[in-house]
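Colleague: I should like to learn how charged and polar side chains are read in a model of this kind. Could we work through the case together?

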Amino acid sequence: QKQEEEEEEEEEDPGDDDADEVNVDALIVPASAADADAFRAQYNYASASNGGKVVSSNSEAKSPGAALKEDMDSYYLTPCNAKSGKWLTVELSEEAAVTAVVLANYEFHSSGVREFELWGSAGASNREDDWFRLARCEADSGREPQTFVLPRGAWIKFVQIRMTGHYGSFHFCTMSLFRVHGKDAKQTLKEEMEAINTEVQEVEDILRDAEEAEAEAHKAKEKQQEKEAAELEVSALASRLSQEAEELEE
């Protein structure tokens, strides 16, 4: 019985508050065109021109860094049945709270990414214990860039894409584009301050409304007291006049 109780406690307390809030097992599909447009002009933390770089990939891969160069004629290339899997690890230009990634495959005579997982690390890229899964995604078979909005903005320095499935039956799989969007510390702090200011304003509005309501209630109470006092005076005056009238009759 004691063992059963301990097992129940372990089930109730998984030791990861974030896991309760965000389901990283939920499958993410490409965002709508409207949602994707919101990220189009944002800073790309994986771009080679911004300082992003590939630090590792599966050994069979060719030109893994090509996916970071925004060049439609270059691409990450790997055998689809690579023994070590199809993956690459990108060091971002700076640590960021990652909110979305963009993938594209412009090649017609190769297989494109279908299912993939995103993993992140805020520590060293070669420490397995530092990696945690950000999301599971499934891409469409189209050739246009596809945006995947992540369920939480996890702070990471390294992001790894692990391609677990592909479209088509070509020998080679390719990925022409890989972007990473997010928020830096300054932007995150600004948004947090704005959120705090909004909350403070809401509290101030509530307090002001409460003070105004209390003032109105106080005025209403004073008017009621004045009314009651006036009624007492009228009653006393009426009683005195009645008594004087009786005395005159006598």
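**Reading polar and charged side chains**

Modeller: Let us begin with a polar contact: the His181 side chain comes to 3.0 Å from the backbone oxygen of Tyr43. Please bear in mind throughout that this is a predicted model.

Colleague: Where is His181 found, and is His181 buried or exposed?

Modeller: Strand β9, which spans residues 177–183, contains His181. A residue is called buried when its relative accessible area is under 20%. His181 has 2% relative accessibility, and therefore counts as buried.

Colleague: Let us turn to salt bridges. How many does a search of the whole structure find?

Modeller: The general idea is that a side-chain nitrogen of Lys or Arg lies within 4 Å of a carboxyl oxygen of Asp or Glu. A search of the whole structure finds nine salt bridges. One of them pairs Arg133 with Asp25, with 2.0 Å between the closest N and O atoms.

Colleague: Which parts does the pair of Arg133 and Asp25 tie together?

Modeller: Arg133 belongs to strand β6 (residues 132–138), whereas Asp25 sits in the loop between α2 (17–21) and β1 (27–28); the pair therefore ties together parts that are 108 residues apart in sequence. Asp25 is partly exposed, its relative accessibility being 42%.

Colleague: With which other side chain does Arg133 meet in a salt bridge?

Modeller: Arg133 also meets Glu117, at 3.3 Å from N to O. Because Glu117 is in strand β5 (residues 115–121) and Arg133 in strand β6, this pair links parts 16 residues apart in sequence. Glu117 is buried, at 18% relative accessible area.

Colleague: How should a salt bridge within one helix be read?

Modeller: Consider Arg208 and Asp205, whose closest N and O atoms are 2.8 Å apart in a salt bridge. Both residues lie in helix α4, three residues apart, which is about one turn of the helix. Arg208 is partly exposed, with 38% relative accessible area, and Asp205 is likewise partly exposed, with 24%.

Colleague: Which residues do salt bridges with shared partners join into one network?

Modeller: Asp25, Glu117 and Arg133 form that network.

Colleague: Finally, which residues gather in a patch of negative charge on the surface?

Modeller: A patch takes in residues with over 30% relative accessible area and no salt bridge, like charges being joined within 9 Å. Here the negative patch consists of Asp209, Glu211, Glu212, Glu214 and Glu216. Among these residues, Glu216 is found in helix α4, residues 185–249.

Terms used:
Residues are numbered from 1 along each chain as its sequence is written. This is a predicted model: local features need pLDDT of at least 70, side-chain atom pairs count only at pLDDT 80 or more; totals for chains, interfaces and linings use all residues. Side-chain values use heavy atoms; hydrogens and water are left out. Patches are made of residues with over 30% relative accessible area and no salt bridge: like charges are joined within 9 Å, nonpolar side chains (Val, Leu, Ile, Met, Phe, Trp, Tyr) within 5 Å. Accessible areas come from the Shrake-Rupley method with a 1.4 Å probe; for residues, only the protein chains shown count as cover. Lys and Arg count as positive and Asp and Glu as negative; His and the chain ends are not counted. The place of a charge is taken as NZ of Lys, CZ of Arg, CG of Asp or CD of Glu. Helices (H or I, at least four residues) and strands (E, at least two) are DSSP runs, numbered from the N terminus. Buried means under 20% relative accessible area, exposed over 50%, partly exposed in between (1.4 Å probe, protein chains only). A polar contact is a pair of N or O atoms within 3.5 Å; within protein, one must be able to donate a hydrogen and the other to accept it, and residues adjacent in sequence count only if both atoms are side-chain atoms.
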